[in-house]
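The following note sets out several points on the model shown below. They proceed from the overall architecture to individual residues.

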Amino acid sequence: MAELKPGDICLHYSEGAIKAVSHVIEMVKEGKRPVPLTSLLGEELGQVVRSSYSELDSPIPLNEISLELRLNYSGETFNRKGNPNVRYLTRLRAEFTAKLCEQFPDLALKF
């Protein structure tokens, strides 16, 4: 998370779908975590990043993202079966993001 910088774009994935896009506004800093994270992690302080958050009109289910595309980017983002690796934050390659936007033009509008 420390690598995030203003202008970076984050895709928010949960429950089997890409649901939102956010744009980083400020550098990461130490601060109070949001209440849901505090209750989950039991720690009030942590790394915080300000961003603008925009939900997609229609979430993009994993099974609608081409398996070929997911397999081409296995490793950090996806495993060898094309399923997402379980991580809090993963850097996406620019080529992957560009191809994802080609497949889902509405996603590109959020960039």
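1. Overall architecture. Read from the N terminus, the secondary structure elements follow the pattern β-β-β-α-β-β-α-α-α, which amounts to four helices and five strands. The model is predicted, and the points below should be read accordingly. The C-alpha trace spans about 40 × 30 × 25 Å along its principal axes. Of the 111 residues, 26% count as buried. Among contacts between residues at least 6 apart in sequence, 47% join residues at least 24 apart.

2. The sheet. Three strands form an open sheet in the order β1-β2-β5, and their pairing is antiparallel. β1 (9-14) and β5 (51-61) are the edge strands; each has a single partner strand, so one side of each is left without a neighbour in the sheet. From one strand to the next, the twist averages 25 degrees. As a general matter, the strands of a sheet pair through backbone hydrogen bonds, in either a parallel or an antiparallel sense.

3. Pairing of β1 with β2. β1 and β2 (residues 17-24) are joined in the antiparallel sense over six bridges. One residue pair may be checked directly in the model: S14 has A17, in β2, as its bridge partner.

4. Salt bridges of K5 and E15. How many salt bridges does the model contain? The count comes to four. One of them joins the side chains of K5 and D8, with an N to O distance of 3.3 Å. The two partners fall into separate accessibility classes: K5 is partly exposed at 41% relative accessibility, whereas D8, with a relative accessible area of 16%, is buried. Another salt bridge links E15 with K19, whose closest N and O atoms are 2.7 Å apart. Here E15 is exposed, at 74% relative accessible area, while K19 is partly exposed, at 24%.

5. The E26 network. The side chains of E26 and R50 meet in a salt bridge of 2.9 Å, N to O. E26 lies in the loop between β2 and β3 (29-32), and R50 in the loop between β4 (45-48) and β5, so the pair ties together parts that are 24 residues apart in sequence. Both residues count as partly exposed, E26 with a relative accessible area of 26% and R50 at 44%. The arrangement also includes K29: E26, K29 and R50 are linked in a network of salt bridges.

6. The nonpolar core. Which members of the largest nonpolar core touch the most other members? Of its 14 residues, these are I60, I65, L100 and L107. β2, β5 and α3 (94-103) each supply at least two residues of this core. The largest share, three residues, comes from α3. The contacts of L107 can be listed in full if neighbours within four places in sequence are left aside: L11, V21, L56, I60, L100 and C101.

7. T97 in helix α3. T97 is also placed in helix α3. Is T97 buried or exposed? At 15% relative accessibility, T97 counts as buried, because the threshold for that class is under 20%. Residues up to four places away in sequence not being counted, T97 touches L92 and F111.

8. K110 in the segment after α4. K110 is located in the segment that follows α4 (105-108) and is partly exposed, with a relative accessible area of 24%. What does K110 contact beyond its neighbours within four places in sequence? The residues are V21, H23, S54, E55 and L56. K110 and V21 are separated by 89 residues in sequence, yet their C-alpha atoms are 6.7 Å apart. A polar atom of the K110 side chain lies 3.3 Å from the backbone oxygen of E55. V21 and L56, listed here as contacts of K110, are also among the contacts of L107.

Definitions and conventions:
Residues numbered from 1 in each chain as written. Predicted model: local features only at pLDDT ≥ 70, side-chain atom pairs only at ≥ 80, totals over all residues. Heavy atoms only, no water. Pairing = 2+ DSSP bridges. Axes fitted to C-alpha atoms, helices over the stretch in contact; angles between N-to-C directions. Buried < 20%, exposed > 50% of the residue type's maximum accessible area, 1.4 Å probe, protein only. Contact = heavy atoms within 4.5 Å. Polar contact = N/O pair within 3.5 Å; in protein donor to acceptor, adjacent residues only side chain to side chain. Core = buried A, V, L, I, M, F, W, Y, C linked by side-chain atoms within 4.5 Å.
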